[in-house]
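Colleague: I am new to this structure and would like a close look at a single part before I go further. Which residues is the ligand surrounded by, and could you then lead me on from there at a careful pace?

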Amino acid sequence: MTRSRIHLMATAMITLTLTITNCQGDERPPNVLLFMADDLGYGDLGCYGNTTLRTPNIDRLASEGAKLTHSLTAASICTPSRAAFLTGRYPIRSGMASPHFVRVSFLTACNTGLPVSELTFAELAKQAGYTTALLGKWHLGWSTDRSDPDHKHPLNQGFDYFYGIPLTKMKDFDSREVKAWRRARPTIGWILTMTCVMTLVFTWSLIRLARLGRTGSAMAVVVMVTVILTCGLVYWVMENLELLNSFFYRNYELVEQPIILPQVTRKLVREGVEFLEQRHADSQPFLLFVSWLHVHTALDTAPQFRGQSLHGPYGDAVEELDWGVGQLLDTLDRLGLTDTTLVIFTSDNGAHVEESDFLGRRSGGYNGGLRGGKAHGAPDGGIRVPTILKWPGKVTPGHVTDEPISLMDVMPTIAHALHVQLPANHVVDGKDLLPLLSGEEKRSPHEFLFHYCQDEVHAVRYRPRDGSKVWKMALYEPAYLLQTDHCDFLCRCHDATPLDPPLLFDLTSDPGEQHPLSAADLPEYRALVNLMTKALRKHKDSIVPVPNMFSVYNMLWRPWNQPNCNFPEFQCSDSKFGQVFDEDVS
Ligand SMILES: *[C@@H]1O[C@H](CO)[C@@H](O)[C@H](O)[C@H]1NC(C)=O
């Protein structure tokens, strides 16, 4: 045998062994544990530079996994952002990008929501034989009508178990607060009142002056009464969002109304621990999505966290959130599941910088040095979120990447991790993150990302294949109050000013978007703008029209679908938890 043949055989054997080891390593895909916070800002965590809030558990997760410093949500507000997170697709593809100013559903009993035909990561996990669960916030449409194959419910989108809130926690759940709709849209109250008054005056004049006769007058009175009743109903609904939305379900059963705010995080933790223990016992692979109600307002925590942080109720909520994450990570450790579980932590959008409570204290988070926040269109504060991904054996602990990625990438990353094929003709905008996070690739899998506000693109991000910069072209400027980077309460996309020519930012040196570049500053300005405009046109061409899930008809309240406990008391408590948390109820 010649030397080279021996060498060749040795190489072949090494390759063979490697392949086998790889196969063995890959044989059992990881469990998946996802954490999503609500409205948590880019600058609210210790591992993202916050020195005054204590988040040791999430910080530890970051040191054991990869920290993504340029992670982007598909929308600056929860419903469309979550639709994109679950499906890996821009919300416009599923009809979840609203064409008008209401971008989220605010009633449980309405017909908006993620179409059941959409493919979620939970459905992928089920295909792979996983046991799946969603704990906490859903906010993607609700119906308990199981006879309808298209009813919107987590259990009809790939989850085996659901415990949580169909909609979202709301500021209105705290009776001391100013109703959110009065803060967000103070004019609506006026419009309703004026409509009523005008109808009264108009009908009265018609009857008196136009001498309508008996039939005419009767018809006018019917119109008048209808208008007034409708106005009254709208007013009543908007004033009673707590009654209409504050409840917890377990699968299809309403178990708690109203939600006892200080107990929420502990209940989610208990359910999470129980789920993990069951999976440990039955050795089933699992996907658990813990969708915290923190740190959305109304803010309240367990007594042990109250007043403990340096940042009021908001800081207390962040610290309780961190505690909850820690409890579940400790459970993985205790059950010996840590090395076989892929863990992701993120937030659905940036901090709500305009939020304050009834005492005038700021109750929204902090977006670090980023401009703007939740609900704003183009600026990064609303869409760049803390994101950590830990995958033992695949992602080097302590890895940090500054490459732009999207939360839409989570779905295809899970598909890849679980060895599930996505359907061939199905458009997914996200990309597998593993090559970037394992260090195999140096660059973001995305050359362009498009940032929507409602159904309009307000900015385009460009990561060239060569060079080291990330560019952003802003097409709209939010309607900020004079000399500030915030709106009155929630920025409206329609009020944003179109920018012509667009503003260009070099996000690598200017993440706070303070120094727009013009053609005079930058020789390649025109080439960059042209390139991004072309990419945007191509993206828009790829959008196939679908039914709009936010049509007025879909958004209407459906009293016959309204969940309630013990009518007309509207009250019940979850027997599963019995008296355990009684210390909170005063
Ligand atoms: C930490 O977070 C709090 C709450 O959002 C914020 O008020 C504070 O400015 C942040 N501190 C630092 C040092 O980043």
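Modeller: Let us start at the ligand, where an oxygen atom of the ligand is 3.4 Å from an N or O atom in the side chain of His311. A nitrogen atom of the ligand is 3.2 Å from an N or O atom in the side chain of Thr52, and for the side chain of Asp44 the distance from an N or O atom to a ligand oxygen is 2.6 Å. With the protein in place, 75% of the 360 Å² of accessible area that the ligand has on its own is covered (areas come from the Shrake-Rupley method with a 1.4 Å probe; for residues, only the protein chains shown count as cover). Please keep in mind that this is a predicted model, in which local features need pLDDT of at least 70 and side-chain atom pairs count only at pLDDT 80 or more, while totals for chains, interfaces and linings use all residues. Residues are numbered from 1 along each chain as its sequence is written, and side-chain values use heavy atoms, with hydrogens and water left out.

To answer you directly, the ligand is surrounded by Gly43, Asp44, Asn50, Thr51, Thr52, Leu53, His311, Tyr314, Gly365 and Tyr366, where a residue is near the ligand if one of its heavy atoms lies within 4 Å of it. This shell divides into three nonpolar residues, six polar ones and one charged; in this scheme Ala, Val, Leu, Ile, Met, Phe, Trp, Tyr, Cys and Pro are nonpolar, Asp, Glu, Lys and Arg are charged, and the others, Gly among them, are polar.

His311 gives a way onward along the chain, since it is one of the shell residues, and helix H10 covers residues 312-334 (helices are DSSP runs of H or I with at least four residues, strands are runs of E with at least two, and both are numbered from the N terminus). In the loop between strand S7 (286-291) and helix H10 we find Val295, and a cis peptide bond with omega of about 5 degrees joins His294 to Val295. Ala298 lies in the loop between S7 and H10 as well, and the bond that joins Thr297 and Ala298 is also cis, with omega of about 0 degrees. Ahead of S7, in the loop that follows helix H9 (264-282), lies Ser283, whose phi is near 55 degrees, a positive value in a residue other than glycine. For comparison, most residues other than glycine have a negative phi, and most peptide bonds are trans.

Further along the chain, four strands form an open antiparallel sheet in the order S12-S13-S14-S15, where two strands pair if DSSP finds at least two bridges between them. Its edge strands are S12 (448-453) and S15 (497-506), each of which pairs on one side only. Strands S13 (456-462) and S14 (471-477) are joined by four bridges, and Val460 stands opposite Met473 in S14. Phe448 is found in strand S12 and touches Val460, Arg461, Tyr462, Leu531, Met532 and Ala535, leaving aside residues up to four places away in sequence (contact means heavy atoms within 4.5 Å). Helix H13 (525-541) lies across S12, S13, S14 and S15, running at about 125 degrees to S13; axes here are lines fitted to C-alpha atoms, for helices over the stretch in contact, and angles run from 0 to 180 degrees between N-to-C directions.

Technical notes. Polar contact = N/O pair within 3.5 Å; in protein donor to acceptor, adjacent residues only side chain to side chain.
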